[in-house]
Structure formats: structure tokens, C-alpha cells
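The following exercises concern a single protein chain. Each consists of a task and a solution in steps.

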Amino acid sequence: MTISSTADENVIEACRQWLEMAVIGLNLCPFARKPYNLNRLRFTLSHARHLDAFLELLEREILLLLQTPAIEIETTLVIEPQLFADFDVFLDAVTLAEQILQDVNANGTIQIAPFHPDFQFADEPYNDITNYTNRSPYPILHLIRESSIDQAVAAFPDAATIYERNKALLRQMGTEGWAKLGIEYPMRKQKKH
């Protein structure tokens, strides 16, 4: 990835800090540490000015992942710091991203995990701390190889319990504990629901 400015560097650094402090540091995803430590995690920063350009970038990144051995790129974070400030608009983009997987015959090979500064699970109030399991500094589509998930699940047989463990951990930490991580959310709307 070519970083074109200090602003780009700041976006990547914010996402890297979130990954290190929350995702890996709190073990929210026990599968993230290995590709990160082996430098097999790709950060791709979008400079799209409209949805079509973003979807074209996403398709290129999916195809790159399909064509590149996992020992070179195991997983990709596609970061979009401009287009998806609104969470509902982001969810619409996630639906379109899933369609791209079908269009390029990557269903069953690659999964997409969405992260957003205002992420909200459908069954949780906006201010519930458990939403932070999927709250990132900027909107991110995480492209994950199914084969990597299969390997990780083999190494972590209780993978189905991760979600509940994460919810319990975040409830124990509370908003004050989360705030101590120092993760900044430049795009966060700070809703009061």
C-alpha cells in the first residue's frame, strides 16, 4: 500500500492501534494475532469519492487475496475514512460487498466482517458496551479467508463461545475500562440513545 500523506498515515495508525490494543490486546479475535505478527495482514486505505469507486477497490482487493498465497497475504483490512460516516449507509455497502463476493465466485472462500465507529448490534441499544467488539476508528471491511478461519477454529475449538466471552469481557470492563485503551474514534457520531 502506498501512503500518500500524513493524514493517510494517521488513519492507518489509528486502525493499527485499535487492532493491537482491542482486537489482539483483549483477544477479541483469537485468530488475529498470528497473521498480524507474521506480517500477513494487509491494510488498504480507500481514497474513493463515491460508492462505485469504493466497490471497484474492494473487488480488486478480493481478487488480490484470491490470487495471492496466504503466506504472503492472509487477510486484508479495507479502510474507508470518508464515505460511510452513517452506519446505515455502511450496512448498505456491506450488502453490496457481499454481492461482489458472489460475482467473483469468492463465496465460501472469503468472508467479510464489518467494523464501524457507530457499529450497533440489532439486539443491543446504541450505547451498550458490547457494540465495541465491532467498533473501529474508521469503517472497515475485513476480508478473511475461509481456510484461515477453518485453521483457527481447529486450533480454538470453542470458537462459538468467542462472541459471548467478548460480551462478558466488555461488560466487565465497562465504558471507563474501554476508554483507558486510548482508542480514538474520529468519525464517531456520539449518539445519545
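The exercises below treat a predicted model.

**Exercise 1. Overall form**

Determine the order of helices and strands along the chain, and assess how compact the chain is.

Solution.
1. There are six helices and four strands in the chain.
2. From the N terminus onward, these elements follow the pattern α-α-β-α-β-α-β-β-α-α.
3. The radius of gyration is 16 Å, close to the 16 Å that the globule rule gives for 193 residues, so the chain is as compact as a globular protein of that length.
4. Along the principal axes, the C-alpha atoms fill a box of roughly 40 × 40 × 30 Å.
5. Of contacts with a separation of 6 or more, 76% link residues 24 or more positions apart.
6. Among the 193 residues, 50% count as buried, and carbon and sulfur atoms account for 50% of an accessible surface of about 10,000 Å².

**Exercise 2. Disulfides**

Apply the 2.5 Å sulfur–sulfur cut-off and state how many disulfides result.

Solution.
1. The sulfur of Cys29 is the nearest cysteine sulfur to that of Cys15, and it is 16 Å away.
2. A disulfide requires a pair of cysteine sulfur atoms within 2.5 Å; Cys15 is therefore in no disulfide.
3. Cys29 is likewise in no disulfide, the nearest cysteine sulfur being that of Cys15.
4. The count is accordingly zero.
5. As to surroundings, Cys15 is buried, because its relative accessible area of 0% falls under the 20% limit.
6. Cys29, at 26% relative accessibility, counts as partly exposed.

**Exercise 3. The nonpolar cores**

Identify which elements supply the largest nonpolar core, and which of its residues touch the most other members.

Solution.
1. The largest core has 33 residues, of which Trp18, Leu19, Phe43, Ile79 and Trp178 touch the most other members.
2. At least two residues each come from α1 (6–24), β1 (41–45), β2 (75–79), β3 (110–115), β4 (140–145) and α6 (162–179).
3. The largest share, nine residues, is supplied by α1.
4. Leaving aside residues up to four places away in sequence, Trp18 touches Val23, Phe115, Arg135, Ser136, Pro137, Ile140, Ile183 and Tyr185.
5. Another core, of 25 residues, lies apart from the largest one and includes Phe90, Val94, Ala97 and Leu101.

**Exercise 4. Strand β3**

Establish how β3 pairs with β4 and whether its residues are mostly buried or exposed.

Solution.
1. The pairing of β3 with β4 is antiparallel and extends over six bridges.
2. Within this pairing, Ile110 has Arg145 of β4 as its bridge partner.
3. Five of the six residues of β3 are buried, and the strand is thus mostly covered.

Methods. Residues numbered from 1 in each chain as written. Predicted model: local features only at pLDDT ≥ 70, side-chain atom pairs only at ≥ 80, totals over all residues. Heavy atoms only, no water. Buried < 20%, exposed > 50% of the residue type's maximum accessible area, 1.4 Å probe, protein only. Core = buried A, V, L, I, M, F, W, Y, C linked by side-chain atoms within 4.5 Å. Contact = heavy atoms within 4.5 Å. Pairing = 2+ DSSP bridges. Rg over C-alpha atoms; globule rule 2.2 N^0.38 Å. Areas by Shrake-Rupley, 256 points an atom, 1.4 Å probe, with all protein chains shown as cover.
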